[in-house]
Amino acid sequence: MNQWAGNVAQDWMKPGLILDLARAMERACFDYLLLEDSSFVPDDYGASTDIYLENALRAPKHDPMPLVPLLTQATSRLGVVPTVSTSFYPPFLLARLISTLDHLSDGRVGCNLVTSTSSRAAQNFGLNEHLEHHTRYEMADEFIEVVRKLWDSWEPDAVVADHDKGVFADPAKVHTVDHAGKFFRTRGPLNALRPVQGHPVIVQAGGSSQGREFAAKNADTIIGSAQTVPQMKAFREDIRERAAAQGRDPDRCKVLFLISPIVADSDAEAQVRADHQAASAAENVELGLALMGSITGIDFSRFDLDQPLGEVSTNGQQGTLAQFARQGKGRTLRELAGGFSLGYTGLVGSPARVAGQMEEVMDEIGGDGFLIGTSTVHRRYISEITDGLVPALQRRGLTRSAYSHEHFRDNLMEF
């Protein structure tokens, strides 16, 4: 744990910390809280789980689904988005579960669809190895098709609730699905009501060409990972072109870029923290390589730290590996691992300064916003973002100061 982390090692598994996060995010009028997830304990670096367990790196994790009703009962407008694997969840189970949660939250639930990348995760679900990258996205396409069919198996006005006639639902407006595809078969109809939002918000974060195509076709909001402003701009333009080619309005597909702003009372204090983080990363390159290994399935302990990475391939996250390799040109693996980030790291300073930086970046990109992520969630950081940075953004008119709508999708599409 670093000097900024507080008591997270003892607090993370209890409800108080994440409830504090959700309430603070709602006070700051965020669109949504995303619950990232995976289904394995990595052993990619050095063929051992040691570095991952000793450093709480990508494990352990709570299942996000039981957290959703807890968080939505503590809030009234914030969207809550659990992560679901299209490779391991049956579509009927997911459709019913998300529909139920959407009703329990009065229309504030989304779903972050991932294909999963690790062979260890696949082995936890009965496979010897994970499906090939292309096949996973074929499967994901059919998965969301089936889920939407099940949500639509109840027409919007199927529930008549006619007390006088003693009729709850019009049978003519509840239909079987009868889907028989390459990967899934389901009869339907869903034995839960159509979701409040019709189709709950779909989130996606694919960085490969296939991932972008899937996201542009299906997602309401996309998480983009880029290290420079030109990369962000190019990514958003690519997604919008793909969405238009799918017959969608590009403005209905919100691209949010992953950032980790460092905010403090003064610019100088924030820079001290940034320097500390950079020094720590440079001193602990094995942690960076272990993280990258768990994402790509590559054991980077096999490579010479003082040589360039060279040519590598993966059945894991191909987009992330491409970013990593692109940044590695002309650099040793040690240099690369000590300075690589999954998101944009150029936001450092007081609340006013970081708000100004964010405005400049977004003006250059053209929209739509940011997703703030941090490797360690603790109360100090929550407060610095929600009670420090957000008011500075609100003063510039860059973010809302009150919610305009009841449902998650409507608030998301407002900007």
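This is a short talk on the fold of one protein chain and a few of its local details.

Keep in mind that the structure is a predicted model. I will start with the overall picture. The chain has 16 helices and 13 strands. Its radius of gyration is 22 Å, close to the 22 Å that the globule rule gives for 415 residues, so the chain is as compact as a globular protein of that length. Along the principal axes, the C-alpha trace spans about 75 × 50 × 45 Å.

Now the sheet. Seven strands form an open sheet with parallel pairing, and the order is 1-2-3-8-9-10-13. Which strands stand at the edges? They are strand 1, residues 32-35, and strand 13, residues 369-372. Each has a single partner strand, so one side of each is left without a neighbour in the sheet. From one strand to the next, the twist averages 30°.

Let us look at one pair inside that order. Strand 3, residues 110-114, pairs with strand 8, residues 201-204, in the parallel sense over three bridges. If you want a residue to click on, take Cys-111, whose bridge partner in strand 8 is Ile-202. Helix 8, residues 209-218, lies across strand 3, strand 8 and strand 9. Relative to strand 8, this helix runs at about 165°.

Next, side chains. The structure holds 25 salt bridges. One of them joins Glu-138 and Lys-182, with 3.3 Å from N to O. This pair links distant parts of the chain, 44 residues apart: Glu-138 is in helix 7, and Lys-182 is in the loop between strand 6 and strand 7.

On the surface, Val-159, Phe-168 and Leu-193 make a nonpolar patch of about 250 Å². Of these, Phe-168 belongs to strand 5, residues 167-169.

Last, the backbone. Most residues other than glycine have a negative phi, and most peptide bonds are trans. Here are some exceptions. A cis peptide bond joins Ala-59 and Pro-60, with omega about 5°. Pro-60 sits in the loop between helix 3 and helix 4. Another cis bond joins Gly-188 and Pro-189, where omega is about 0°. Pro-189 is in the loop between strand 7 and strand 8. Then there is Cys-29, which is not a glycine but has a positive phi, near 65°. Where is Cys-29? Cys-29 is in the loop between helix 2 and strand 1, and strand 1 is one of the edge strands I mentioned earlier.

That is the end of the talk.

Terms used. Residues numbered from 1 in each chain as written. Predicted model: local features only at pLDDT ≥ 70, side-chain atom pairs only at ≥ 80, totals over all residues. Heavy atoms only, no water. Pairing = 2+ DSSP bridges. Helix = DSSP H or I, 4+ residues; strand = E, 2+ residues; numbered from the N terminus. Axes fitted to C-alpha atoms, helices over the stretch in contact; angles between N-to-C directions. Contact = heavy atoms within 4.5 Å. Patch = residues over 30% accessible without salt bridge, like charges linked within 9 Å, V, L, I, M, F, W, Y side chains within 5 Å. Areas by Shrake-Rupley, 256 points an atom, 1.4 Å probe, with all protein chains shown as cover. Salt bridge = Lys/Arg side-chain N within 4 Å of Asp/Glu carboxyl O. Rg over C-alpha atoms; globule rule 2.2 N^0.38 Å.
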